[in-house]
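User: I am new to this structure and should like to understand how its descriptions are justified. Please begin with the overall layout.

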Amino acid sequence: MRRSLALLALVFSAQAAMAAPDYLDDRSTPSALIRSLYNAISLHHYARAWSYFADPEKNGDYADFAKGYADTAEASVTIGPVMAEGAAGSIYTTLGVTVSARTRDGKTESFGGCYVTRQIQPAIQEPPFTPLQIVTGHLIARPADDAMPASCDDQGQPRF
């Protein structure tokens, strides 16, 4: 009986470890937006992930975007250096990140890079409202212990 209970507890523990993350769609800050992007990828909500980009088609079409994450079982992001500056009615924020991704076959991959977000001043917008968006992102495969960029340049390119 004890052995059966122990086996049952092990099964439930494994299922809990593999449980999908809670849904997160938060565009209130640049950091929350980037966390929401990786939440969408982990949940395989590729249309939602695609919607966070200001001009997603400049890097290819939606089918290519979704296909690029087909082998990703889950992904998490750590936010590093953040720098914001205002320009002509918008606030641009550059964020350094590390991304850890687990593939469907169990391999872990690490990336470091930068994202640039843009928030158009809400008070000057007319409908339709444009929420906080990702302008660009640049990720580079890196060893996990050396993935966080020291800084990001003006174009959102990481500096390691």
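Analyst: The chain of this predicted model has a secondary structure of four helices and six strands. Read from the N terminus, the order of elements is α-α-α-α-β-β-β-β-β-β. Of the 160 residues in the chain, 36% are buried.

User: Why is Ala 88 called exposed or buried, whichever applies?

Analyst: Ala 88 has a relative accessible area of 86%. The term exposed requires a value over 50%, so Ala 88 is classed as exposed. Ala 88 sits in the loop between β1 and β2.

User: What is notable about phi of Ala 88?

Analyst: Phi of Ala 88 is near 45 degrees, which is a positive value in a residue other than glycine. His 44 also has a positive phi, near 65 degrees.

User: Where is His 44, and how do you know whether it is buried, partly exposed or exposed?

Analyst: His 44 belongs to the loop between α2 and α3. Its relative accessibility is 31%. Buried means under 20% and exposed means over 50%, with partly exposed in between; His 44 therefore counts as partly exposed. In sequence, 30 residues separate His 44 from Glu 74, while their C-alpha atoms are 8.5 Å apart in space.

User: What makes Asp 64 part of a surface patch, and which residues join it there?

Analyst: The patch of negative charge on the surface gathers Asp 55, Glu 57, Asp 61 and Asp 64. A patch member needs over 30% relative accessible area and no salt bridge, and like charges are joined within 9 Å. Asp 64 has a relative accessible area of 48%, so the area condition is met. That value also lies between 20% and 50%, and therefore Asp 64 is termed partly exposed. Asp 64 is found in helix α4, which spans residues 62–68.

User: What makes a set of residues a nonpolar core, and which members touch the most others here?

Analyst: Such a core consists of buried nonpolar residues joined through side-chain atoms within 4.5 Å. The largest nonpolar core has 21 residues, of which Ile 34, Leu 37, Tyr 38, Val 77, Val 97, Tyr 115 and Ile 134 touch the most other members. At least two residues each come from α2 (30–42), α3 (46–51), β1 (72–87) and β2 (90–103). The largest contribution is that of α2, with six residues.

User: How do you know that the peptide bond between Pro 127 and Pro 128 is cis?

Analyst: Omega of the bond joining Pro 127 and Pro 128 is about 0 degrees, and the bond is described as cis. Pro 128 is located in the loop between β3 (108–120) and β4 (133–141).

Definitions and conventions
Residues are numbered from 1 along each chain as its sequence is written. This is a predicted model: local features need pLDDT of at least 70, side-chain atom pairs count only at pLDDT 80 or more; totals for chains, interfaces and linings use all residues. Side-chain values use heavy atoms; hydrogens and water are left out. Patches are made of residues with over 30% relative accessible area and no salt bridge: like charges are joined within 9 Å, nonpolar side chains (Val, Leu, Ile, Met, Phe, Trp, Tyr) within 5 Å. Accessible areas come from the Shrake-Rupley method with a 1.4 Å probe; for residues, only the protein chains shown count as cover. A salt bridge is a side-chain nitrogen of Lys or Arg within 4 Å of a carboxyl oxygen of Asp or Glu. Lys and Arg count as positive and Asp and Glu as negative; His and the chain ends are not counted. The place of a charge is taken as NZ of Lys, CZ of Arg, CG of Asp or CD of Glu. Buried means under 20% relative accessible area, exposed over 50%, partly exposed in between (1.4 Å probe, protein chains only).
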